[in-house]
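Colleague: Pick one part of this model and take me through it closely. Then connect that part to whatever surrounds it.

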Amino acid sequence: MATTTHRSSNAIAVAMVMVAAATAALGAGGAEAAGSTGTVSCGDVVSALVPCSAFLTGAGPATPPAACCDGARSLLRMAGTADARRAMCRCMVQAAPSFGVLLDRAQELPDRCNIDFKLPIGGVNTDCNK
């Protein structure tokens, strides 16, 4: 019971950090938001993945919740250009370690949400230009 409570607290803390980071990234301008230029800010990426925090950190069940998959689908819709995909990739490479994202969970997310998302997910050594 204590382990479950501790994990739930960790998931909530991670979600709060992700929201704070998204807010900071949006407030600082970051990359331009999805729109006429087709780029995506790191805040957009983090905001879309906040519902995935428990899944991505291993603090939740092995199946992502529906809200997480909805967020992943929204990223897929934002990933319409090569520039947008590179921006998402760079954000994930930079942000994932600070949020405690487990690489295997991040790699499983597209399959578990039944989406075809070909963004490279390989940790800090990921080449976002491919």
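Modeller: Helices here are DSSP runs of H or I with at least four residues, numbered from the N terminus. The model is predicted. I pick helix H4, residues 66–78.

Start with its geometry. H4 has 13 residues. From first C-alpha to last, H4 reaches 19 Å, close to the 18 Å expected at 1.5 Å a residue.

Next, burial. The buried residues of H4 are Cys68, Cys69, Gly71, Ala72, Ser74, Leu75 and Met78. What covers them? The cover includes helix H2 (42–49), helix H5 (82–99) and helix H6 (103–112).

H4 also carries charge. Asp70 and Arg73 form a salt bridge, with the closest N and O atoms 3.5 Å apart. Both residues sit in H4, three residues apart, about one turn of the helix. How open are the two partners? Asp70 is partly exposed, at 46% relative accessible area. Arg73 is partly exposed too, at 30%. A residue counts as buried under 20% and as exposed over 50%, so both fall in between.

That bridge has counterparts on the covering helices. The structure holds three salt bridges. One joins Arg86 to Asp83, with the closest N and O atoms 2.8 Å apart. Arg86 and Asp83 both lie in H5, three residues apart, again about one turn. Arg86 is partly exposed at 24%, and Asp83 is partly exposed at 40%. In another bridge the side chains of Glu108 and Arg112 meet at 3.0 Å, N to O. Those two both lie in H6, four residues apart, about one turn of the helix. Glu108 counts as partly exposed at 26%. Arg112 does as well, at 37%.

Now the nonpolar side. The largest nonpolar core has 25 residues. Val45, Leu75, Met88, Leu109 and Phe117 have the most contacts inside this core. Leu75 belongs to the buried set of H4. H2, helix H3 (53–57), H4, H5 and H6 each supply at least two core residues. H5 gives the most, with six.

Leu109 deserves a look of its own. Beyond residues up to four places away in sequence, Leu109 touches Leu49, Cys52, Phe55, Leu56, Pro64, Cys68 and Ala72. Cys68 and Ala72 are among the buried residues of H4. Leu49 is found in H2. Leu49 counts as buried, at 11% relative accessibility. Where does Leu49 sit relative to Ser74? Their C-alpha atoms are separated by 9.4 Å, though the residues are 25 places apart along the chain. Ser74 is itself one of the buried residues of H4.

Contacts are one kind of link. Disulfides are another. A disulfide is a covalent bond between the sulfur atoms of two cysteines. Counting sulfur pairs within 2.5 Å, the total comes to four.

H4 takes part through Cys69. Cys69 and Cys113 form a disulfide, with sulfur atoms 2.1 Å apart. Which hand does this link have? The link is left-handed, with -75° about the S-S bond. Cys69 lies in H4 and Cys113 in the segment after H6, so the pair ties together parts that are 44 residues apart in sequence. Both cysteines are buried.

Follow the pattern outward from H4. Cys89 pairs with Cys128 at 2.1 Å, S to S. This link is left-handed, with -75° about the S-S bond. Cys89 lies in H5 and Cys128 in the segment after H6, so parts 39 residues apart in sequence are tied together. Cys89 is buried at 1%. Cys128 is buried at 10%.

Cys42 joins Cys91, with S to S at 2.0 Å. Here the link is right-handed, with 65° about the S-S bond. Cys42 lies in H2 and Cys91 in H5, so this pair ties parts that are 49 residues apart in sequence. Cys42 is partly exposed at 27%, whereas Cys91 is buried at 3%. With the bonded cysteines numbered in sequence order, the pairing reads 1-6, 2-3, 4-7, 5-8.

Back to H4. Its buried residues are covered by neighbours including H2, H5 and H6. H4 supplies at least two residues to the largest nonpolar core. Cys69 ties H4 to the segment after H6. The Asp70–Arg73 salt bridge lies within H4 itself.

How values were computed: Residues are numbered from 1 along each chain as its sequence is written. This is a predicted model: local features need pLDDT of at least 70, side-chain atom pairs count only at pLDDT 80 or more; totals for chains, interfaces and linings use all residues. Side-chain values use heavy atoms; hydrogens and water are left out. The expected span of a helix is 1.5 Å times one less than its number of residues. Buried means under 20% relative accessible area, exposed over 50%, partly exposed in between (1.4 Å probe, protein chains only). Contact means heavy atoms within 4.5 Å. A nonpolar core is a set of buried Ala, Val, Leu, Ile, Met, Phe, Trp, Tyr and Cys residues joined through side-chain atoms within 4.5 Å. A salt bridge is a side-chain nitrogen of Lys or Arg within 4 Å of a carboxyl oxygen of Asp or Glu.
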